[in-house]
Amino acid sequence: MSESKKTVFVVGLGPGGGQFLTVQAQSALQQAEVLCGYTVYLDLIRGEFPDKEYFSTPMTQEIERCRAALERARSGRTTALVCSGDAGVYGMAGPVLELAPQFPEVEIQVVPGVTAALAGAAVLGAPLMHDFTVLSLSDLLTPWEVIRRRLELAAQGDFVLCLYNPASHSRPDHLKRACAILLDAGKAPETVCGYVRNIGREGEASVLTTLEKLGEEPVDMFTTVFVGSSRTKVLSGKMVTPRGYLQREG
């Protein structure tokens, strides 16, 4: 870290409990005087860092949160802006870097975290062993027609899909609509699927199912959904997408 620079760490906390916090993330949080973030995410670390100054904003005030972190760093206070998962995967690294030209004296350090795709895959087994794509079903910032086209192309390419933000109170049917799109695009009804709710947190739960049943499953914003490829199977109760090592050995 440059001594002449004010610093904002953009820190990925991982999906939940402290076991997902990397050594690099722990170091950044210890160095920071101010911790900024969405209230729910700050609550995950408040007990471990009780003496820090905290600044939070509601869910829809991301830009205000980023600007506040940059302003505090510019004033000379080392600041950490925290996100769940990885800061560069649907997190705050992007908007902070977009605002950074307005704060040339502030150095931005992005600290990676364990994103839900990886942590959820580990709970289910090994669904991401071969090529996969990650999509958010939230149309808050991306038009639904764009999401639809990406789902169609992923299905045509026979990718494993990891779906973030599968449903919320304002869009309870998005996963059901996504499943219909995938089926119409040629994915088989018996395609192996799974989902994990509250990854790494109290109440963690996982379910294996099929694409034809997935749309009726109870999911929410704290759920990460996995849709297999044509090669994905269930082995000893785990969702696995073989890469081909055993076939090559044979």
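Q: In which strand does Thr224 lie?
A: This is a predicted model, in which local features need pLDDT of at least 70, side-chain atom pairs count only at pLDDT 80 or more, and totals for chains, interfaces and linings use all residues. Residues are numbered from 1 along each chain as its sequence is written, and side-chain values use heavy atoms, with hydrogens and water left out. With helices (H or I, at least four residues) and strands (E, at least two) taken as DSSP runs numbered from the N terminus, Thr224 lies in β11.

Q: Is Thr224 buried or exposed?
A: Thr224 touches Ala116, Cys162, Leu163, Gly194, Tyr195, Val196 and Ile199, leaving aside residues up to four places away in sequence, where contact means heavy atoms within 4.5 Å. Its relative accessible area is 5%, and since the limits are under 20% for buried and over 50% for exposed, with partly exposed in between (1.4 Å probe, protein chains only), Thr224 is buried.

Q: Which residue in β11 stands opposite Leu163?
A: Strands β8 (residues 160-164) and β11 (residues 223-227) pair in the antiparallel sense over three bridges, pairing being counted if DSSP finds at least two bridges between two strands. Opposite Leu163, in β11, stands Val225.

Q: Which strands stand at the edges of the sheet?
A: The open sheet is formed by five strands in the order β7-β8-β11-β9-β10, with mixed pairing. Two of these have a single partner strand each, so one side of each is left without a neighbour in the sheet: they are β7 (132-136) and β10 (205-210).

Q: At about what angle to β7 does helix α6 run?
A: Helix α6 (residues 144-156) lies across β7 and β8. Taking axes as lines fitted to C-alpha atoms, for helices over the stretch in contact, and angles from 0 to 180 degrees between N-to-C directions, α6 runs to β7 at about 165 degrees.

Q: Within what arc do the buried residues of α6 fall?
A: The buried residues of α6 are Trp144, Ile147, Leu151, Ala154 and Ala155. They line one face of the helix because, seen down its axis, with directions taken from the axis to the C-beta atoms, they fall within an arc of 100 degrees.

Q: Which residues are exposed on the other side of α6?
A: The buried residues of α6 are covered by elements that include β7, β8 and α7 (174-184). On the other side of the helix, the exposed residues are Glu145 and Gln156.

Q: How far apart in space are Gly16 and Glu204?
A: Gly16 is found in the loop between β1 (6-12) and α1 (23-31), and at 8% relative accessibility it counts as buried. Although Gly16 and Glu204 are 188 residues apart in sequence, their C-alpha to C-alpha distance is 9.8 Å.
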